[in-house]
Amino acid sequence: MAIWLRRSRSLAHYLKAEIGFWKVPNQRSFLNPCFFNPENSSSTTLTGENYGNPASFLGNSPTLFGSRRFESIKSGREELDLEYENSGHQNQAMDFPGGRISFTSEMKFISESPRERIPCYRVLDYDGLPIMHSSFVEVSKEEALKMFSSMVTLETMDTILYEAQRQGRISFYLTSIGEEAINIATAAALTPHDVVLPQYREPGVLLWRGFTLQEFSNQCFGNKADYGKGRQMPIHYGSNKHNYFTVSSTIATQIPQAVGAAYSLKMDKKDACVVTYFGDGGTSEGDFHAGLNFAAVMEAPVVYICRNNGWAISTPVSQQFRSDGVVVKGKAYGIQSIRVDGNDALAVYSATRAAREMAITEQKPILIEMLTYRVGHHSTSDDSTKYRPVDEIEHWKTARNPISRFRKWVDKNGWWSDKDESELRVNVRKQLLQAIQVAEKAEKPPISNLFTDVYESLPSNLCEQEELLRESIKRHPQDYPSDVPV
Amino acid sequence: MERDARVCVIGEDVGHYGGSYKVTKDLANKYGDLRVLDTPIAENSFTGMAIGAAMTGLRPIIEGMNMGFLLLAFNQISNNCGMLHYTSGGQFTIPVVIRGPGGVGRQLGAEHSQRLESYFQSIPGIQMVACSTPYNAKGLMKAAIRSENPVILFEHVLLYNLKERIPDEEYVLNLEEAEMVRPGEHITILTYSRMRYHVMQAAKTLVNKGYDPEVIDIRSLKPFDLHTIGNSVKKTHRVLIVEECMRTGGIGASLTTAINENFHDYLDAPVVCLSSQDVPTPYAGTLEEWTVVQPTQIVTAVEQLCH
């Protein structure tokens with residue numbers, strides 16, 4: 001008995017099956033002779049009859065997701081007594097629900113903070129030179145230039161649309177300034193089939209996937225061409241054809257939804273994963289914890305990307321959590337995690353590629369904490385100079401800028417020049433201003449869109465309410481905005 | 001689940017355990033552990049998970065072990081489930097079914113005796129139905145699963161043991177239709193879920209006393225089937241609503257308003273609504289019995305209305 005348990009313990013570790021109270025008969029252990037060898041296992045009489053017919057569990061499971069069979073606690077307890085008899089005082093370990101644990105006679109509390117913080121993976125130094133011995137995924141010239149110009153486009157779009165809000169042309173905006181590397185490099189590491197569930201500071205992913213400046217502007221101006229039909233506030237982009245879920249303002253609600261999307265991919269056995277983003281603040285929400293836990297239990301192919309930019313509106317990370325950032329939380333849920341320099345485009349790209357690979361082939365979640373800084377204000381409703389020093393913001397805007405850092409690397413490879421830079425910036429600016437003009441002049445969605453899509457088809461109460469509204473408008477035409485079609 | 005491979009069940013203990021009221025019994029054996037998924041205890045999260053799955057093409061059925069626990073899922077239900085079809089401009093649909101046992105049972109305690117229909121009724125974008133017999137439970141469930149809208153299906157803890165002969169052939173009921181239980185002439189009694197049985201019991205007494213009540217099980221809690229209800233009001237001119245919800249902000253409150261606004265010309269008397277009191281459900285059996293509307297109270301109310 002003792003021999004069997006010890007041997008299968010190491011095998012169990014390898015097979016990711018659990019022994020003791022919780023038997024996990026997955027397809028691999030089913031074929032393992034050790035598991036069913038009657039000679040070695042004196043517990044077959046206890047567990048065997050409870051085990052029942054394995055084929056009925058495994059037959060219909062479409063994926064590697066193992067069947068679970070919970071045995072009676074009674075049989076487990078008997079097994080425990082037997083083990084104790086056999087092993088006596090030699091074995092310093094015992095079975096509890098959840099697996100085998102070894103004992104210690106030393107009462108030692110695990111420290112709340114490690115002596116050293118988890119190190120951060122980076123590839124490029126501040127001069128844009130690859131650090132010695134750094135391992136990273138090679139990026140072709142074409143890919144690198146696309147990444148670079150997308151980062152510049154994103155920065156330009158943010159700057160100009162922010163100004164547009166300040167001028168009163170749009171009602172709201174929020175920038176991703178300082179986080180361009182995370183936005184673009186993660187997007188570049190994914191395929192168009194990977195489903196993206198954003199928080200709201202990741203328009204760069206949509207930009208990479210082909211969303212045009214016109215489409216962005218249309219949503220911000222809420223005109224007739226907006227895919228959201230003018231119903232949401234600016235920056236709440238969504239596009240099913242780009243596999244980018246519509247932004248929902250609520251924090252962290254996308255985290256468990258990501259598990260659901262991954263569940264769907266798993267059922268269909270698609271060669272794709274789900275990627276979801278959230279900030280440091282989002283990790284305090286209950287949905288973060290439950291979502292990560294679910295992903296681990298369900299073996300869901302999700303890549304969780306935390307943009308730890310140091311601030312949740314005015315709350316610094318020191319007031320958000322007391323752990324060593326977000327990366328250590330992955331371990332708590334049984335999720336492989338890594339900490340990455342979020343302002344290093346190559347590091348972000350490599351880590352995301354690797355994470356995606358693992359998530360799909362091994363069908364499990366991965367957590368990536370990307371350290372960065374929120375250079376802009378939280379949104380146009382915020383003035384961050386009220387709660388943080390201006391020189392801190394300046395430092396991150398200039399010396400720690402992810403775009404200029406990547407530029408240096410691109411330059412050193414001889415792929416870019418100052419002339420290219422100024423041409424690009426002028427072009428993007430022109431395109432964007434044009435797009436904004438078009439979007440501003442375009443017609444707004446008609447009043448009928450107020451009532452459609454609440455349900456699949458218009459129910460009677462909404463028909464009634466629409467009629468009442470139209471009557472009101474007819475009676476008071478002077479109070480109704482002239483640029484909104486009826 | 002047999003007809004459509006995209007249908008799956010997500011909830012706590014729905015797999016091999018078969019669900020807290022055995023609604024999903026044996027489904028895990030038939031369809032596997034992935035399609036009948038046991039989740040950790042986090043209602044907001046597995047509801048969110050189902051929403052994400054629905055947006056990616058599946059048709060999940062979320063089971064709340066007890067409806068009351070779905071209060072934890074309110075954020076996902078209101079802010080995402082009800083909203084995302086609208087805010088995405090129709091790009092994403094959320095064809096989920098949210099179901100579970102609710103209502104006042106036999107001494108389950110206040111936290112397990114919630115009537116969530118009153119809390120959820122305001123959420124735009126969702127539909128609500130309540131089943132009351134094996135026949136309509138099957139028909140409404142099928143309709144809910146096939147609907148492209150998110151539907152909340154309210155089951156009642158005390159009605160799971162009902163037995164009834166139902167057709168072998170496939171049938172799907174209309175989610176927005178009320179059920180005429182007993183046609184009559186004197187008074188319209190509107191009810192749903194368990195209270196239907198109290199009403200029918202009262203109806204027996206009333207018939208013996210010479211009254212002819214028309215009993216309608218409204219079934220569709222959002223939106224109301226004002227067509228069937230209206231026709232009845234136009235015939236009888238008197239309305240009594242019998243519900244298990246609490247008095248304040250319940251389904252009865254909304255229904256009273258709807259009837260008054262639409263049919264007040266046809267009413268000979270004000271609409272009367274019998275509901276549970278605005279108290280948490282006590283554990284003591286005798287007290288619990290008197291927080292739900294009893295047949296004797298229904299009889300008295302009818303007698304007073306028809307006076």
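Okay, so let's start with one definition: two strands count as paired if DSSP finds at least two bridges between them. Keep that one in your head, and remember that what we're looking at is a predicted model.

Now look at chain A, at strands E10 and E11. E10(A) and E11(A), which covers residues 366-371, are joined by six bridges, and the two run parallel. If you want one spot to find on screen, go to Asp341(A): across from it, in E11(A), is Leu371(A).

Strands in a sheet pair through hydrogen bonds of the backbone, and that can be parallel or antiparallel. So what's the whole sheet here? It's an open one with five strands in chain A, in the order E5-E6-E7-E11-E10, and the pairing is parallel. Which strands sit at the edges? Those are E5 (195-197) and E10 (336-341) of chain A, each pairing on one side only. Going from one strand to the next, the twist averages 20°.

Right, over to chain B and the second largest pocket. Its volume is about 1000 Å³. There are 32 lining residues, and the ones closest to the centre are Val23(B), Ala137(B), Lys138(B), Met141(B) and Lys142(B). Which elements give two or more residues to the lining? In chain B, they're strand E1 (7-11), helix H1 (27-35), helix H6 (134-146) and strand E6 (151-156). H6(B) gives the most, with seven residues.

And what kinds of residues make up that lining? You get 18 nonpolar, ten charged and four polar.

Definitions and conventions:
Residues are numbered from 1 along each chain as its sequence is written. Chains are lettered from A and ligands numbered from 1 in the order in which they are written. This is a predicted model: local features need pLDDT of at least 70, side-chain atom pairs count only at pLDDT 80 or more; totals for chains, interfaces and linings use all residues. Side-chain values use heavy atoms; hydrogens and water are left out. On a 1 Å grid over the protein atoms alone, a cavity is a set of points where a 1.4 Å probe fits but cannot get out, and a pocket is an open set with protein on both sides within 12 Å along at least five of seven lines; lining residues have an atom within 4 Å of a point. Grid points are joined across faces, edges and corners, and a volume is the space filled by probe spheres set on the points. Helices (H or I, at least four residues) and strands (E, at least two) are DSSP runs, numbered from the N terminus. Ala, Val, Leu, Ile, Met, Phe, Trp, Tyr, Cys and Pro count as nonpolar, Asp, Glu, Lys and Arg as charged, and the others, Gly among them, as polar. Axes are lines fitted to C-alpha atoms, for helices over the stretch in contact, and angles run from 0 to 180 degrees between N-to-C directions.
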